[in-house]
Amino acid sequence: MRETDVSSSSALIALSIIVLFAAIVAAVLIGERRERAAWRQRLADLGWVPVAPVPPELSARIARLYQGSSDRRLRIEHVFERPLQEPSLNERSFTERSFAERSFAERSPIDGSPSGPRAVLFDVVDTTGGETSTTASGVLGVIAPSLELPDFLLAPRLPSGTTGALATTVLNVADRLIECAAGWTGLVRVGFEEIAEFDQRYIVFGRDEARVRQFLTPARLLGLGDAAAGIRLRAGGDMVTLERDPSLAHAAHRAAPSDALEALLADARRIYDWLHHA
């Protein structure tokens, strides 16, 4: 009888643990769903439109900047888009249907059209070999056909305010890690030591060094250095992407600060101006 009581008590405890665990999981999932819904609503309030399903041409355009090895498999998720610039009153009245009401193809960016250059927000997920890992989250990209960019990566260096052998070693290792990451996408180091003000803050990689040097003039480099403070840029063709604030990670999954997103969007406008007009 006692053994039966012990068995019953053990079973009851095990069942209670299972029920408690299930309740915790359910609470977490419900919380994440609410946060996701709140963030989507906030994005909508800021003029962002969900893109689902993600068009293959957009996935290919983004993946090209992150692909590297041909064996690497990338998936573009949680995509939102909006006009890069705030539309004027004339543009709003000219448009019969809002940006959100038009299809992705109809929103195709043509400079001078009501939509103009577009901003896109997305995550990049690596699915190579059946494994799933996040390559980049909360990335903000700019797509504009007027851009004819060489393939390059502009990455901020670690702050070099400290001195000493250890600090120098840490900075060198950080640069080496960036160089290795760039190498995975087929890019090589392009040095700009002659522009010390820029070279102390950023490191540049490109696919075609001559073309990168021709495009990144000293004036453009210094302008980008100021506009892209602390931001990693990936560029190629008609697109440039910006990665900076960790608080934007997993934009579709949790309520990232909208002020950080707005600040990054403002940075994207300044960077676009330097890439397009300088």
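The legends below describe close-up views of a predicted model.

The model is predicted, so that local features need pLDDT of at least 70 and side-chain atom pairs count only at pLDDT 80 or more, while totals for chains, interfaces and linings use all residues. Residues are numbered from 1 along each chain as its sequence is written, and side-chain values use heavy atoms, with hydrogens and water left out.

**View 1. The largest nonpolar core has 39 residues.** A nonpolar core is a set of buried Ala, Val, Leu, Ile, Met, Phe, Trp, Tyr and Cys residues joined through side-chain atoms within 4.5 Å, where buried means under 20% relative accessible area with a 1.4 Å probe and protein chains only, exposed means over 50%, and partly exposed lies in between. The members that touch the most others are W48, L140, L216, L233, I271 and L275. With seven residues, helix α8 (residues 258-277) gives the most to this core; helices (H or I, at least four residues) and strands (E, at least two) are DSSP runs, numbered from the N terminus. A second, separate core of 16 residues includes L65, L74, I76 and F122.

**View 2. The surroundings of L275.** When neighbours within four places in sequence are left aside, L275 is in contact (heavy atoms within 4.5 Å) with L147, L149, F152, F215, R220, L224 and V240.

**View 3. An open sheet of nine strands with antiparallel pairing.** The strand order is β1-β2-β3-β4-β9-β8-β5-β7-β6, and two strands pair if DSSP finds at least two bridges between them. The edge strands, each pairing on one side only, are β1 (49-50) and β6 (188-190). At the β1 edge, two bridges link β1 in the antiparallel sense to strand β2 (residues 74-83), and P50 stands opposite F80 in β2.

**View 4. Strand β7 (residues 202-206) and the strands paired with it.** Five of the five residues of β7 are buried: Y202, V204 and G206 point one way, whereas I203 and F205 point the other way. Strand β5 (residues 149-156) runs antiparallel to β7 and is joined to it by five bridges, with F152 opposite G206. Strand β6 is likewise antiparallel to β7, through three bridges, and V188 of β6 also stands opposite G206.

**View 5. The buried residues of helix α2 (residues 56-66).** These residues are L58, I62, A63, L65 and Y66. They lie on the same side of α2 because they cover an arc of only 150° around the axis, the arc being that of the directions from the helix axis to the C-beta atoms. What covers them includes β2, β3 (118-126), β4 (133-143), β8 (232-237) and β9 (239-243).
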